[in-house]
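I set out to record, entry by entry, what I looked up in this structure. The entries follow the order in which I turned to each topic.

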Amino acid sequence: MIQLAFYAFASLSLVGALAVLFTRNVLYAAFFLLLTLLGVAGLFVLASADFLAIAQIMIYVGGVLVLVIFGVMLTHKPEAPNDVNSQQPNRIASLNRAGGWSGWVLAGLVASGLFSALFTLLMRANFALLNQPVGWKSTVNTIGKQLMTEYIVPFEIAGILLLAALVGATYLASPLAKSFRNATR
């Protein structure tokens, strides 16, 4: 039964991810991303990572994806009435499209470098949960204890970074910053 659930969640994630890649409509891509994120959350539950599954659903599905969908819906420009095809290509300006193969090669090199660095970091890391047997025990207490003891410095640095990003975004969105930018032009 667990294997069937695993294959169902894995296929849901893969089909959703491929649909995100191949659809040309941004709104459809957001809905397919919803399926992908739900499938990944199901895989987290099967791997006994209940905290990650709940965080995945609350943060990505409940917050980020809804924000993306509202952004797409609010910035949608009405098209000409004779154009009824909803499968229009995305109109996102990109240097990769104009540069030919050199842009794709550069993107592939950067992506493979990042992947190898992340893979090396994960292989060298010593996660305390990996040494424990797999079971249906909740991981919330363990993660909370490790965040407040062993990983307190990275946790606080991430908190300060997020606070700085929040203050910067508030400053950029404020009318004072807009009037200052308009005065310097």
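Which backbone oxygen lies 2.9 Å from a polar atom of the side chain of S11? I found that this oxygen belongs to A8. I note at the outset that the model is a predicted one.

**Entry on S11.** I located S11 in helix α1, which covers residues 2-22. I then looked up the exposure of S11: its relative accessible area is 37%. I classed S11 as partly exposed because this value falls between the 20% limit for buried residues and the 50% limit for exposed ones. I also looked up the separation of S11 from T36: the two are 25 residues apart in sequence, and their C-alpha atoms are 9.2 Å apart in space.

**Entry on T36.** I placed T36 in helix α2, which runs over residues 26-46. Is T36 buried or exposed? I recorded T36 as buried, because its relative accessible area of 12% is under 20%. Leaving aside residues up to four places away in sequence, I listed S13, G16 and A17 as the residues that T36 touches.

**Entry on L35 and the nonpolar patch.** I found L35 in helix α2 as well. The relative accessibility of L35 is 33%, and I therefore entered L35 as partly exposed. I next looked up the surface patch to which L35 contributes. This nonpolar patch has an area of about 530 Å² and is made by L12, Y28, F31, F32, L35, L38 and I57. Which helix gives the most to the patch? I noted helix α2, with five residues.

**Entry on Q56.** I assigned Q56 to helix α3, residues 50-74. Q56 has a relative accessibility of 9%, so I counted Q56 as buried. With residues up to four places away in sequence left out, I recorded contacts of Q56 with L37, V40, A41, F44 and V61.

**Entry on the annotated spans.** I consulted the UniProt record, an unreviewed entry, which places the feature "transmembrane region" at residues 29-47, 54-74, 104-130 and 151-173. I looked up two of these spans in the model. Residues 54-74 are 100% helix and 0% strand, and I noted 28 Å between the end C-alpha atoms. For residues 151-173 I recorded 96% helix and 0% strand, with the end C-alpha atoms 33 Å apart.

Definitions and conventions:
Residues are numbered from 1 along each chain as its sequence is written. This is a predicted model: local features need pLDDT of at least 70, side-chain atom pairs count only at pLDDT 80 or more; totals for chains, interfaces and linings use all residues. Side-chain values use heavy atoms; hydrogens and water are left out. UniProt positions are given in the numbering used here, feature names are shortened, and annotations may be inferred rather than shown by experiment. Helices (H or I, at least four residues) and strands (E, at least two) are DSSP runs, numbered from the N terminus. Buried means under 20% relative accessible area, exposed over 50%, partly exposed in between (1.4 Å probe, protein chains only). A polar contact is a pair of N or O atoms within 3.5 Å; within protein, one must be able to donate a hydrogen and the other to accept it, and residues adjacent in sequence count only if both atoms are side-chain atoms. Patches are made of residues with over 30% relative accessible area and no salt bridge: like charges are joined within 9 Å, nonpolar side chains (Val, Leu, Ile, Met, Phe, Trp, Tyr) within 5 Å. Accessible areas come from the Shrake-Rupley method with a 1.4 Å probe; for residues, only the protein chains shown count as cover. A salt bridge is a side-chain nitrogen of Lys or Arg within 4 Å of a carboxyl oxygen of Asp or Glu. Contact means heavy atoms within 4.5 Å.
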